[in-house]
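Please work through the exercises below with the sequence and the model side by side. Each task is followed by a solution that goes step by step.

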Amino acid sequence: MPKQRLNRLTPYMFVAPAAVVMLLALFYPIAYMIWGSFRDWDPSQSLSETEFVGLANYAKLLVDPAFHTSFWVTLVFAFTVVAVEMVIGVGLALLLDRNIRGMSVLRTLFILPMMIAPVVVGLVWRYMFHQTYGTFNRFLEAVGLPTVDWLGQNPLLSVIIADIWQWTPFIFILSLAALQSLPRSALEAARIDGATGWQQVIHIKLPLMMPVLVVTMLLRLIDAFKVLEVILVLTGGGPGLSTEILALRIARTAREFRELGEAAAMSNYLLMLLMVLTLGMFAFTRWQEARARRLKFAAEEEG
């Protein structure tokens with residue numbers, strides 16, 4: 001009996017070191033942040049010296065117009081960039097999934113923006129959007145059109161364009177990997193049945209790619225909610241609060257306003273939102289995986 005018990009415990013013993021590291025490196029900081037959100041916390045104080053205020057920080061944020069604006073800007077920014085990046089990234093993957101001379105070089109060029117530091121991306125696009133000597137306004141002048149104050153009149157659109165340029169390659173490279181891992185038997189069966197290229201994309205490729213695409217979209221969506229450097233360099237969150245997403249609002253609340261408890265409460269609101277999105281997408285992924293298995297099985301049966 002002791003030997004059987006030891007055999008049952010052996011897998012857990014192997015997992016235990018990693019579990020301890022996870023508890024210390026992940027869950028302890030989260031617990032610390034949650035506890036700090038219930039305190040009136042100033043950076044000059046240790047957490048043990050702060051006053052317990054319960055849900056006061058959360059209640060304050062619910063009636064704070066600046067928090068509402070930042071929350072809305074975050075939602076518009078995150079969902080817009082992810083939607084556009086998914087369309088462009090998947091489209092490029094479908095377009096470049098073919099054996100043509102020089103295609104490998106072209107694929108490499110497409111992923112270069114993703115490798116550039118966000119601060120550099122912000123600086124590059126700031127100069128390109130400059131009202132006097134920016135690339136876009138010089139082009140408008142060359143074709144006889146009036147110049148535009150991109151960062152003054154269209155700040156959120158400018159930030160969205162910069163983010164799409166940098167992170168579409170992330171969607172592209174994962175979509176291309178998913179596309180190239182599709183079972184050839186399913187595609188061959190569709191061709192034999194007379195399916196056109198567009199019909200193969202709609203009824204075979206995209207459904208089989210969907211589990212990977214959902215996870216890719218989730219990863220990109222989580223990252224979009226945390227974008228900081230590009231916006232900080234490009235617009236600084238302005239004009240006003242027009243481009244101040246929650247990540248930037250949290251940083252300013254902690255650093256400039258010295259309200260660590262309120263910043264922690266904001267972080268927890270963002271954490272709850274991301275958890276809801278994650279659970280919803282994982283549920284959708286499980287449904288899509290089951291659908292993809294049925295489709296794959298049916299295609300193999302026909303083949």
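**Exercise 1: A loop residue with positive phi**

Arg258 is found in the loop between helix 12 and helix 13 (260–302), where helices (H or I, at least four residues) and strands (E, at least two) are DSSP runs, numbered from the N terminus. The model is a predicted one, in which local features need pLDDT of at least 70 and side-chain atom pairs count only at pLDDT 80 or more, whereas totals for chains, interfaces and linings use all residues. Residues are numbered from 1 along each chain as its sequence is written, and side-chain values use heavy atoms, with hydrogens and water left out.

Task: State what is notable about the phi of Arg258, and decide whether Arg258 is buried, partly exposed or exposed.

Solution. Begin with the backbone: Arg258 has a positive phi of about 60°, although this residue is not a glycine. Then turn to the accessibility, for which buried means under 20% relative accessible area, exposed over 50%, and partly exposed in between (1.4 Å probe, protein chains only). Arg258 has a relative accessibility of 39%, so it counts as partly exposed.

**Exercise 2: A cis peptide bond**

Task: Describe the peptide bond from Gly238 to Pro239, and place Pro239 in the chain.

Solution. The bond that runs from Gly238 to Pro239 is cis, its omega being near -5°. Pro239 itself belongs to the loop between helix 11 and helix 12 (246–255).

**Exercise 3: The buried face of helix 5**

Task: Find the buried residues of helix 5, and say what they pack against.

Solution. In helix 5, which covers residues 118–128, the buried residues are Val121, Gly122 and Trp125. Looking down the helix axis, one finds these buried residues within an arc of 100°, so they line one face of helix 5; the arc is that of the directions from the helix axis to the C-beta atoms. The partners against which these buried residues pack are helix 6 (135–142), helix 8 (155–180) and helix 11 (229–234).

**Exercise 4: The nonpolar cores**

Task: Identify the largest nonpolar core, its main contributor among the helices, and the surroundings of Phe225.

Solution. A nonpolar core is a set of buried Ala, Val, Leu, Ile, Met, Phe, Trp, Tyr and Cys residues joined through side-chain atoms within 4.5 Å. The largest such core has 57 residues, and those with the most contacts inside it are Phe77, Val81, Leu221, Phe225 and Leu234. Helix 3 (residues 65–96) gives the most to this core, namely 10 residues. Apart from this core lies another, made of 7 residues, among them Ala93, Ile111, Phe172 and Leu176. For Phe225, when residues up to four places away in sequence are not counted, the contacts (heavy atoms within 4.5 Å) include Thr74, Leu75, Ala78, Ile245 and Leu270.

**Exercise 5: Salt bridges**

Task: Give the number of salt bridges, and examine the pairs of Lys60, Arg220 and Arg252.

Solution. With a salt bridge taken as a side-chain nitrogen of Lys or Arg within 4 Å of a carboxyl oxygen of Asp or Glu, the structure holds 9 of them.

1. Lys60 pairs with Glu262, and their closest N and O atoms are 3.0 Å apart. Lys60 lies in helix 2 (residues 56–62) and Glu262 in helix 13, so this pair ties together parts that are 202 residues apart in sequence. Lys60 is partly exposed at 42% relative accessibility, whereas Glu262 is buried at 7%.
2. Arg220 pairs with Asp163, the closest N and O atoms being 2.6 Å apart. This pair links distant parts of the chain, as Arg220 is in helix 10 and Asp163 in helix 8, 57 residues apart, and both residues are buried.
3. Arg252 meets Glu244 at 2.7 Å, N to O; Arg252 is buried with a relative accessible area of 17%, and Glu244 is buried with 1%. Both belong to a network of salt bridges that links Glu244, Arg249, Arg252, Arg255 and Glu256.

**Exercise 6: A buried threonine**

Task: Locate Thr216 and list its contacts beyond its neighbours within four places in sequence.

Solution. Thr216 sits in helix 10 (residues 197–224), and this residue is buried, its relative accessible area being 2%. Once neighbours within four places in sequence are left aside, Thr216 is in contact with Phe170, Ile171 and Leu174.
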